[in-house]
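Dear colleague,

I am passing on the structure below, together with some notes on what I found in it. Please read the notes with the model open beside them.

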Amino acid sequence: MAQIEIDGERYRLAVDHDLCMGTRVCIARLPGVFDVDDDTNLSSATDDVLDPALAAAVREAVDDCPQEAIRLERIA
Ligand code: SF4
């Protein structure tokens, strides 16, 4: 589960495996952050802390996932 700081707030980035259909749109938006398991056809985010410069691409990946499976949740 990746983490990223956006506008001074920390967020975690995760994929809901109950919704993901393995379309790989997320990989196109954020190569190196998401990976789709060939066996399960489910995407997962890296465990890394992401460069804040990726914030726009992260939001794009969330918006463009056709299954609305990508969660960007603020860490309290
Ligand atoms: S874009 Fe959404 S549905 Fe497609 S692989 Fe990524 S998380 Fe899964």
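**The loop between β1 and β2**

D7 is found in the loop that lies between β1 and β2. This is a predicted model, and what follows should be read in that light. The phi angle of D7 is near 50°, a positive value in a residue other than glycine, and this residue belongs to the hairpin of β1 and β2, which has 2 residues between the strands. D7 counts as exposed, because it has 7 C-beta neighbours inside 10 Å, where the limit for that class is 12 or fewer.

A positive phi turns up at E68 too, where the value is again near 50° and the residue is likewise not a glycine. E68 lies in the loop between α2 and β5, and it counts as exposed because 12 C-beta neighbours are found inside 10 Å, with exposure being assigned at 12 or fewer.

**The chain as a whole**

The chain has 2 helices and 5 strands, and when it is read along the sequence these follow the pattern β-β-α-β-β-α-β. For 76 residues a compact globule would have a radius of gyration near 11 Å, and the chain, at 11 Å, agrees with that. Along its principal axes the C-alpha trace spans about 35 × 20 × 20 Å. Of the 76 residues, 24% count as buried. Among contacts between residues at least 6 apart in sequence, 65% join residues that are at least 24 apart.

**The sheet and the helix on it**

Three of the strands are worth following together, since an open sheet of 3 strands has the order β1-β2-β5, with antiparallel pairing. In this sheet β1 (2–6) and β5 (70–74) stand at the edges with a single partner strand each, so that one side of each is left without a neighbour in the sheet. From one strand to the next the twist averages 30°. Helix α2 (residues 55–64) packs on the sheet and touches β1, β2 and β5, while its direction makes about 130° with that of β5.

The pairing can be followed residue by residue. β1 and strand β2 (residues 9–15) pair in the antiparallel sense over 5 bridges; among the residues involved, Q3 stands opposite R12 in β2, I4 has Y11 as its bridge partner in β2, and E5 has R10 as its bridge partner, also in β2. When you look along these strands, it may help to recall that in a regular strand the side chains alternate between the two faces of the sheet. On the other side of the hairpin's second strand, β2 and β5 pair in the antiparallel sense, over 5 bridges, and in this pairing the bridge partner of L13 is L72 in β5.

One residue of the helix gives a closer view of how α2 meets β1. A55 is found in helix α2, and, leaving aside its neighbours within four places in sequence, A55 is in contact with I4 and I6. The C-alpha atoms of A55 and E5 are separated by 7.8 Å, although these residues are 50 residues apart along the chain. A55 counts as partly exposed because it has 16 C-beta neighbours inside 10 Å, a number that falls between the limit of 12 or fewer for exposed residues and that of 20 or more for buried ones.

**The surroundings of the ligand**

The ligand is surrounded by 16 residues, of which the closest are C20, T23, V25, C26 and C65. Two elements, α1 (25–29) and β3 (34–36), each supply at least two residues of this shell. By character, the residues of the shell divide into 11 nonpolar, 4 polar and 1 charged.

With best regards

How values were computed: Residues are numbered from 1 along each chain as its sequence is written. This is a predicted model: local features need pLDDT of at least 70, side-chain atom pairs count only at pLDDT 80 or more; totals for chains, interfaces and linings use all residues. Two strands pair if DSSP finds at least two bridges between them. Helices (H or I, at least four residues) and strands (E, at least two) are DSSP runs, numbered from the N terminus. Axes are lines fitted to C-alpha atoms, for helices over the stretch in contact, and angles run from 0 to 180 degrees between N-to-C directions. Two residues are in contact if their C-beta atoms, placed from the backbone, lie within 7 Å. A residue is near a molecule or strand if its C-beta atom, placed from the backbone, lies within 6 Å of it. Ala, Val, Leu, Ile, Met, Phe, Trp, Tyr, Cys and Pro count as nonpolar, Asp, Glu, Lys and Arg as charged, and the others, Gly among them, as polar. The radius of gyration is taken over C-alpha atoms; the globule rule is 2.2 Å times the number of residues to the power 0.38.
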